[in-house]
Amino acid sequence: MSKFLLISAAFAALMLVGCGDGRPSRVKVSGQVLLNGEPLTFKGDGFVQVIPADNRPATGKINPSDGTFTLTTFENGDGVVPGEHPVTVLVNALGPGGQSVNLLPREYADATTSELTVVINEPTDSLKIELEGKMRAAPDNANALKGDASGF
């Protein structure tokens, strides 16, 4: 084998190794948020966030009709860094005066109080995040914009 072929093969091998995105490895994760054992349904916007200690958090928008989500760290649906991570869940609706109102118990919005963790070892489409408690009803949008939403 000529030196030229050997050098070309080594260069090609280096190019292949160097073609990674330079980001931590991730596994694809999707699942469902349950409230008191039932799929989480709501009016508004909801998000799940999985928070690795030393990497960028992965976020998933919750489908308001069935509580399903897909996690994204850098690119749509790329998943989360493997490991055991704390989780937060936030569901907001438009409240009095156009202010955002959290509909879930407050502790779920903060990783230090949610008491939710997940262990991600491999790709999954069946991650369950189980919540307990009472969800506030979303205010009526017309009244919320006027600042007159009953119950808030």
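Select Thr73 to begin: in this predicted model, its relative accessibility of 4% counts as buried. Thr73 sits in the loop between β5 and β6, and its side chain reaches the backbone oxygen of Gly79 at 2.5 Å. If you now display what surrounds Thr73, leaving out residues up to four places away in sequence, you will find that it touches Arg26, Arg56, Pro57, Ala58, Asp78, Gly79 and Val80.

Two of those neighbours, Arg26 and Asp78, are the next selection. Their side chains meet in a salt bridge, with 2.9 Å from N to O. Arg26 belongs to the loop between α1 and β1 while Asp78 belongs to the loop between β5 and β6, so this pair ties together parts that are 52 residues apart in sequence. Are the two partners buried or exposed, or something in between? Arg26 is partly exposed, with a relative accessible area of 22%, whereas Asp78 counts as buried at 11% relative accessibility.

Stay with these two loops and select Glu75 together with Arg23. The side chains of Glu75 and Arg23 also meet in a salt bridge, at 3.1 Å from N to O. Glu75 lies in the loop between β5 (68–70) and β6 (83–94), and Arg23 in the loop between α1 (3–17) and β1 (29–35), so here too the pair ties together parts that are 52 residues apart in sequence. Glu75 counts as partly exposed, at 46% relative accessibility, and Arg23 is likewise partly exposed, with a relative accessible area of 35%.

How many salt bridges does a search of the whole structure find? It finds three, and the one still to be visited is reached by selecting Asp45 and Lys61, whose side chains meet at 3.3 Å from N to O. Asp45 is part of strand β3 (residues 45–50) and Lys61 is part of strand β4 (residues 58–62), so this salt bridge ties together parts that are 16 residues apart in sequence. Asp45 counts as partly exposed, its relative accessibility being 41%. As a general point, side chains of opposite charge can pair when their charged atoms come close.

From the charged pairs, move to strand β6 and select His85, which has its place there. His85 counts as buried, at 5% relative accessibility, and its side chain reaches the backbone oxygen of Val81 at 2.7 Å. Once its neighbours within four places in sequence are set aside, His85 is in contact with Val50, Ile51, Pro52, Val80, Leu116, Thr117 and Val118. One of these, Val80, is also touched by Thr73, where the tour began.

Next, select the residues that mark the largest nonpolar core. This core has 28 residues, and those that touch the most other members are Val33, Leu40, Val48, Val89, Ile129 and Leu131. Strands β1, β3, β4, β6, β8 and β9 (124–131) each supply at least two residues of the core. Which strand gives the most to it? That strand is β6, with four residues.

Within the core, Leu40 deserves a selection of its own. Not counting residues up to four places away in sequence, Leu40 touches Val33, Leu34, Leu35, Ile62, Asn63, Pro64, Asp66, Gly67, Val91, Leu104 and Met135. Among these contacts is Val33, which is itself listed with Leu40 among the core residues that touch the most other members.

From another core residue, Val89, go on to Glu107. The two are 18 residues apart in sequence and 9.1 Å apart in space, taken from C-alpha to C-alpha. Glu107 lies in the loop between β7 (100–102) and β8 (117–120), and it is partly exposed, with a relative accessible area of 36%. Residues up to four places away in sequence aside, Glu107 touches Thr113 and Ser114.

Finally, show the whole protein. It contains two helices and nine strands, and from the N terminus on, its elements run α-β-β-β-β-β-β-β-β-β-α. Buried residues make up 33% of the 152 residues, and the protein exposes about 9300 Å², of which carbon and sulfur atoms supply 53%. Among contacts with a separation of 6 or more, residues 24 or more positions apart account for 63%.

How values were computed
Residues numbered from 1 in each chain as written. Predicted model: local features only at pLDDT ≥ 70, side-chain atom pairs only at ≥ 80, totals over all residues. Heavy atoms only, no water. Salt bridge = Lys/Arg side-chain N within 4 Å of Asp/Glu carboxyl O. Buried < 20%, exposed > 50% of the residue type's maximum accessible area, 1.4 Å probe, protein only. Polar contact = N/O pair within 3.5 Å; in protein donor to acceptor, adjacent residues only side chain to side chain. Contact = heavy atoms within 4.5 Å. Core = buried A, V, L, I, M, F, W, Y, C linked by side-chain atoms within 4.5 Å. Areas by Shrake-Rupley, 256 points an atom, 1.4 Å probe, with all protein chains shown as cover.
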